[in-house]
Amino acid sequence: MNAGRLKQILLLTDGCSNYGEDPVAVAALARNQGVTVNVIGVLDDLQADEPQGLKEVESIAEAGGGVSQIVYQKNLSETVQMVTKQAMTQTIQGVVNKELQHILGESKTIEELPPEQRGEVVEIVDDLGETCQLEVLVLVDSSASMHHKLPTVKEALADLSLSLNARSGSNQFSIYSFPDPKHTIKQRVEWTSELSAMHNLFTRLSSGGYTPTGPALKEALYAFTNKSILRDEGRVNPYEETGF
């Protein structure tokens, strides 16, 4: 994987998937295609004792090579930024570790290097975190139980955009929600470097109570990888034209 361009799916959800294929298997597929899957479980006080949902959040992120975090609504903004940056560092460290093994001809990792060398490598990782190209597809669970949390989600994503745009590297964001009456997911914000002007995003979202997290992740992965292929070939992205 090229550390110059990091690709992430950031899943925001508050409950257990209850429809379609296993989201853990889909997250593993994404990881194999070079896309990290991070998951933030957005809870309220009534959900504190739901171990199944918490376990699923952790399992999806682990399979996707990403970071998971459970957070209560009021702390969402800070957590979204932390998870995105932590996953970025973790991914770069993985790339650097592979390079170290290739160069040194043995299973060396950053942690196993002598202190002086380790410090130099950590500086390289930090520098890449500031300069690499970052693409984040935000996938928002908009099922019935998330309805009252969506304004907080919008604020958190705006703060994420402001925070990451302080980097010297380029950022690209897109926002999809699920479920959608006609499609598994729906693009709400086309690919952009600014999420600070989302205005009325989420205010008119409505959906049933089911949560097809697995199918939604798969469709998000298709949209993500299709965008990358079209961009690399210099072709127009149809998602950006149609607002899929």
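Student: In this predicted model, which residue of S2 does Leu11 stand opposite?
Tutor: The model is a prediction, and its strands S1, residues 5–13, and S2, residues 36–43, run parallel and are joined by six bridges. Gln8 of this pairing stands opposite Thr36. For Leu11, the residue opposite in S2 is Val39.

Student: In which sense do S1 and S4 pair, and what is the bridge partner of Lys7 in S4?
Tutor: S1 and S4 are joined over eight bridges, and the sense of their pairing is parallel. Within S4, the bridge partner of Lys7 is Glu135.

Student: In what order do the six strands form the open sheet?
Tutor: S1 pairs with S2 and also with S4. The sheet is open and its pairing is mixed, with the strand order S3-S2-S1-S4-S5-S6.

Student: Which strands stand at the edges, each with a single partner strand?
Tutor: The order of the sheet is S3-S2-S1-S4-S5-S6. A strand with a single partner has one side left without a neighbour in the sheet, so the edges are held by S3 (65–72) and S6 (186–192). From one strand to the next, the twist averages 15°.

Student: Why is S1 described as largely enclosed by the rest of the structure?
Tutor: Burial here requires a relative accessible area under 20%. S1 is largely enclosed because that state applies to eight of its nine residues.

Student: Where is Thr36 found, and is Thr36 buried or exposed?
Tutor: Thr36 is found in strand S2. Its relative accessible area is 7%. The cut-off for burial is under 20%, so Thr36 is buried.

Student: Which residues are in contact with Thr36, leaving aside neighbours within four places in sequence?
Tutor: One of the contacts, Gln8, stands opposite Thr36. Another, Gly64, is 28 residues away along the chain, yet the C-alpha atoms of Thr36 and Gly64 are separated by 5.4 Å. The full set is Lys7, Gln8, Ile9, Gly64, Gly65, Gly66 and Thr91.

Student: Which element supplies the largest share of the largest nonpolar core?
Tutor: This core holds 38 residues, and Leu12, Ile40, Leu76, Val80, Leu157 and Ile175 touch the most other members. At least two residues each come from S1, S2, S3, H3 (76–104), H4 (115–131), S4 (133–141), H5 (150–164) and S5. The largest share is eight residues, and the element supplying that share is H3.

Student: Which residues does Leu12 touch, not counting those up to four places away in sequence?
Tutor: Leu12 is among the residues that touch the most other members of the largest nonpolar core. The residues touched by Leu12 are Ile40, Val80, Val138, Leu139, Val140, Asp141, Met146, Val153 and Leu157.

Student: How many residues does the second, separate core hold?
Tutor: Nonpolar side chains tend to be buried together in soluble globular proteins. Ile60, Tyr176, Ile185 and Ala220 are included in the second core, which is separate and holds 24 residues.

Student: What form does the aromatic pair of Trp191 and Phe224 take?
Tutor: The structure holds one aromatic pair. The ring centres of Trp191 and Phe224 are 5.5 Å apart and the planes stand at 55°. An angle under 30 degrees would count as stacked and one over 60 as edge-to-face, so the pair is tilted.

Student: Which elements does this pair link, and is Phe224 buried or exposed?
Tutor: The pair links distant parts of the chain, 33 residues apart, with Trp191 in strand S6 and Phe224 in helix H6 (residues 213–232). Trp191 is buried at a relative accessible area of 10%. For Phe224 the relative accessibility is 0%, and the residue counts as buried.

Student: What separates the C-alpha atoms of Trp191 and Glu135?
Tutor: Trp191 lies in strand S6, while Glu135 is the bridge partner of Lys7 in S4. The two residues are 56 residues apart along the chain, and their C-alpha atoms are separated by 9.0 Å.

Student: Where does Pro179 lie, and what is the peptide bond from Phe178 to Pro179?
Tutor: Pro179 lies in the loop between S5 (171–178) and S6. With omega near -5°, the peptide bond from Phe178 to Pro179 is cis.

Student: What pattern does the chain follow along the sequence?
Tutor: The chain has seven helices and six strands. Read along the sequence, they give the pattern β-α-β-α-β-α-α-β-α-β-β-α-α.

Key
Residues are numbered from 1 along each chain as its sequence is written. This is a predicted model: local features need pLDDT of at least 70, side-chain atom pairs count only at pLDDT 80 or more; totals for chains, interfaces and linings use all residues. Side-chain values use heavy atoms; hydrogens and water are left out. Two strands pair if DSSP finds at least two bridges between them. Helices (H or I, at least four residues) and strands (E, at least two) are DSSP runs, numbered from the N terminus. Axes are lines fitted to C-alpha atoms, for helices over the stretch in contact, and angles run from 0 to 180 degrees between N-to-C directions. Rings of Phe, Tyr and Trp (its six-membered ring) pair if their centres lie within 6.5 Å; planes under 30 degrees apart count as stacked, over 60 as edge-to-face and the rest as tilted. Buried means under 20% relative accessible area, exposed over 50%, partly exposed in between (1.4 Å probe, protein chains only). A nonpolar core is a set of buried Ala, Val, Leu, Ile, Met, Phe, Trp, Tyr and Cys residues joined through side-chain atoms within 4.5 Å. Contact means heavy atoms within 4.5 Å.
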